[in-house]
Amino acid sequence: MAASFYENPDLKRERQSCNFDKDEITNLIDGNVEKTKYRRELVEYILSDPSLKDPIPVEYLSHEEKYAAELKKACLLVQKMREPVPKEAKFETLRKRQENGKPLDIGVGPSSVILKEGNALGLHFVMFIPAIIGQGSTEQQNKWLPRALNLEIIGTYAQTELGHGTFLRGLETKATYDPDTKEFILETPSLSAYKWWPGGLGKTSNYAVVMAQLYTKGKCEGIHPFLVQLRDETTHEPLPGISVGEIGPKLGLNSNDNGYLGFDRVRIPRDQLLMKHSQVLEDGTYVKPKSTKLGYATMVYVRVFIVQDMAQLLRKAVTIATRYSCVRHQSELKPGEPEPQILDYKAQQNKLFPALAASFAFHFAAEKVWNLYHLATENIGKGDLQMLPDLHGMSCAMKALSTSETAKFVETLRQSCGGHGYMVSSGFPRLYGIATASETYEGENTVLWLQVARYLIKTRMDGSGGQSVAYLIGSDLPDNKAVDLSLDDLAMKELAEHGRQGMAPYDAWNHSAVQLIKAAQAHARYLVADCFVRSVKEDKLSGPFAELKTEHLSQLQAKYMELLSIIRGYAVNVVDSFDIRDEALGSVLGCWDGNAYQRLFDEALKSPLNRNAVHRESFEKYLKPLMKSKL
C-alpha cells in the first residue's frame, strides 16, 4: 500500500482518543499562532521545491560528493528565500511578509529541514554575523554587515586551535601591531597554533573572525577578534600566507567542512580589529574594554542557541521512538494474548517519557536563557554590565546540561527501538552525532561545569549574585528550606579542608573538582526544573504534567510509576503536537503514517549493493577464488 494513503491502525487509534488541543503545544513551541502559521508555510515552501530534494540518500555519497550536494542545497535555499513567493493561498503569510519588507528566514532554522549532515553556511549565520554585530564598532558594522547579510562574503569563526580549545588564554595565534604601516601581522608560531575545527572553514568561507593574542608596543593584551580575508573573492583561491583546508571525516556532520587555518605573517589593516569594546589607536596605544568578558559575547550567544537546538533535536528523537513504540508489537505481556505494543511496557515507558519531559524542560530553559541574553545585551548597550556574570554562568550551565542529557537520551531512545534504531535510516545516528558533538564544541562540558562551580562558590562566599543563583543566598524562594544546598556545601567544605591541609588554592580546586562538578550539575538541574515549574504555573501549558512537591519525596517511586501510566495515554499525541514533517524528521521508524517496516525495506533497496544480484567484481576477485582454494 502506498505510504501516503496508509495510517497504522495503532497510531490511528491513539490519535482518535486524543483529549487535548494539540495546537496548544504546537503554538507554545513556536511562540504563538502566527509563528506556527509562518513556520508551516515556510517548511512547505522549502519542501515543495524539487531542486532541494536528494536524488539519492546522502549516506551513499563519497565525502567530497556529500559536501558538494549539501552545499548546493544550502546555496539554493538562500537564493529561494530571496525570490518572490508564488501567489498561492498556501503561502499567504510568506507573501505578506515579503510585501511588508521583511525577508524570509535564511539561517540555520530553515536549512535544518533539508540538510541532514550539517550546513557549511551555518557558522556564517550563527557566529560570523553575530560576531560583527557584537564585537564590531558602528563603522565596522556599516562596512561589513551588509556584505555578510547579503552573502557577498561568507565567514566563519576561528577560535579553537589544534593545541587549545576552551582555555582561551592559551591560544597561540599572534596579531602584532605595526605602527609604521598601521597593520596587524598575523602569525601561527607552531603546529599546535593552527586553527582547527571551525565549521565552513575548509572550503566554503572566504573570511573569518579570528581570535588571536593582540601584541602592541611590546605587550600582549590578550585575546581579541580580527576580521580576516582568507580567500580571493573572485577565484576563491587562498590568499598569500594563508594555509587553509579541511580536517577530514568526523563522527557526524560530515557535509560541514570543518577546517584548519594557519598564517605566515599575513598583514591586515588596523581597522580589521573588531573595535566595539577595545581599540588600538594608530600609534599603537591600547584602549581597554570596560570588561574583559565583553569579548566572549559571541560564544555566549552560541551557547544560548545550542540550548534551543538541543530541545528541538530531542523532540525529533522522542517523536521517532514514541511512534515506533506504538506500532511495534513484541513478546507476551499476558500469556495467550496477542503481542502488545512495546509502548505498553513500563520498561519502555521508562526509556521514553523522561526524554519527552526533558524536551519541554529544555524548551522552557532555552526560552529563559534567551530572554536573559537579550536583556543583558540591551543593558550592555546602555553601559550596564551587571548581568554579565549571571548570563555567563547560566549559559554555561544550560549548554552543558542540555547537550550531555540530550546525547544520553538520544542513545537511550535509539536502544528503545532495538536493532532497527542502529540503521542510519532510523535517524538516530545523525541525531546522536549532532548531540554528542555539542558536548565538546563551544566549550567542552567539563570545563563549563567548573566555570559554573566557580560562580556558585563565589556567590556563596560573597553572599551576592545574579538571578540564577538567588536561591543560594535566600533571596528568591519564600521557603528557603525547600532548597537542598548540600552539594554546594560539600564542595565548599572539601575546598576548605584541602586549604587547611596546606594546599595552594589551585591544587585545592583540582582535588575538589569531582565534587564541584556535581554541585554545578545539581545547580543546572535546579534551574531547568525551576523554569519548567514556573512555566506551568504561568499557564503556558496544561495537560499531562505534574509538579513533584516535597511531600511526594517519600513516595517518589510510586509517583513516578503512576505518571508513566498517565503519560502513556498522551504520548503519541504529544509528539504529534511537535508538528515535525516527515522530511525534516528524516526517519523511516518515526514517520507519521507508522509504516515503518515497508519504509525500512524500501530504504534497503536503495543500497548500491542491491543494483545487481551479484557484486560481480568482488565475487570474481575474492570470494570465488577463496571458495575454490583448499586449506
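Is Y215 buried, partly exposed or exposed? Select Y215 in this predicted model. Its relative accessible area is 27%, and because the partly exposed class lies between 20% and 50%, Y215 counts as partly exposed.

Keep Y215 selected and show its strand, β5, which covers residues 207–216. Beyond the neighbours within four places in sequence, Y215 is in contact with K174, A175, T176, Y177 and C220. Add G284 next: 69 residues separate Y215 and G284 in sequence, and their C-alpha atoms are 9.3 Å apart.

Now go to C417, in the loop that joins α11 (388–416) to α12 (428–438). C417 has a relative accessibility of 3%, so it counts as buried. Display A321, Y324, F428 and L589, which C417 contacts when neighbours within four places in sequence are left aside. For a distance check, pick P130: it is 287 residues from C417 along the chain, with 39 Å between the two C-alpha atoms.

The next stop is the nonpolar interior. In soluble globular proteins, nonpolar side chains tend to be buried together. Here the largest nonpolar core has 140 residues, and L356, M398, L413 and F578 have the most contacts inside it. Colour helix α9, residues 297–327, which gives the most to this core with 18 residues.

Centre on F578 and list what it touches more than four places away in sequence: I25, I29, R315, V318, T319, L356, S359 and F360.

Finally, select L201, F226, V228 and I242, which are among the 23 residues of a second, separate core.

Technical notes. Residues numbered from 1 in each chain as written. Predicted model: local features only at pLDDT ≥ 70, side-chain atom pairs only at ≥ 80, totals over all residues. Heavy atoms only, no water. Helix = DSSP H or I, 4+ residues; strand = E, 2+ residues; numbered from the N terminus. Buried < 20%, exposed > 50% of the residue type's maximum accessible area, 1.4 Å probe, protein only. Contact = heavy atoms within 4.5 Å. Core = buried A, V, L, I, M, F, W, Y, C linked by side-chain atoms within 4.5 Å.
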